[in-house]
Amino acid sequence: KPFGENGPRRRYQGGSNFRAGPKGANLFVFNFPKDFTEEDLRSTFQSFGTILSSTVFIDKNTGKSKCFGFVSYDNIASAKQAVLSLNGTFLGGKIIKVQPKREGGAG
């Protein structure tokens, strides 16, 4: 099958109201605790600026977090500050990674 045994991959397992920010204002966050929710993600990142959306990817078989997700800000400065402040910090006993989301397209 061209999409694998389970059909095409869904990009976001939750967050049906996902809103991307401007290029450079969208962050990929990973290695957070399994019990982390979208509200936890939002509350961790909200002190750096206005969040347009936060998404935690959920394993459809277990209903638990896959330990990664996205946070989108309304501006690049907030995203940069969040990366500088949170990347490599401890959260729930784990060291989280925060980096700019790779933007699709050529160039």
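Which residue is the bridge partner of F30 in β6? Hold that thought while we walk through this predicted model.

## The sheet

Let's start with the strands. Four of them make an open sheet in the order β2-β3-β1-β6, and the pairing is antiparallel. Because β2 and β6 sit at the edges with a single partner strand each, one side of each has no neighbour in the sheet. From one strand to the next, the twist averages 20°.

## Who pairs with whom

Back to the opening puzzle: the partner of F30 in β6 is K97. That bridge belongs to the pairing of β1 with β6 (residues 97-100), which is antiparallel and has four bridges. β1 also runs antiparallel to β3, joined by five bridges, and there V29 has G69 as its bridge partner. Six bridges link β2 and β3, again antiparallel; T55 meets F70 of β3 in one of these pairs.

## Helices on the sheet

Now add the helices. α1 packs on the sheet and touches β1, β2, β3 and β6, with its direction at about 140° to that of β2. α2 packs there too, touching β1, β3 and β6, and its direction makes about 150° with that of β6.

## The nonpolar core

In soluble globular proteins, nonpolar side chains tend to be buried together. Here, the largest nonpolar core holds 19 residues, and L27, F32, L41, F45, Y73 and V98 have the most contacts inside it. Two or more residues each come from β1, α1, β2, β3 and α2, with α2 giving the most, four residues.

F45 is a good one to click on. Leaving aside residues up to four places away in sequence, F45 touches L27, V29, I51, V71, Y73, A82, L86 and V98.

Terms used
Residues numbered from 1 in each chain as written. Predicted model: local features only at pLDDT ≥ 70, side-chain atom pairs only at ≥ 80, totals over all residues. Heavy atoms only, no water. Core = buried A, V, L, I, M, F, W, Y, C linked by side-chain atoms within 4.5 Å. Buried < 20%, exposed > 50% of the residue type's maximum accessible area, 1.4 Å probe, protein only. Contact = heavy atoms within 4.5 Å. Pairing = 2+ DSSP bridges. Axes fitted to C-alpha atoms, helices over the stretch in contact; angles between N-to-C directions.
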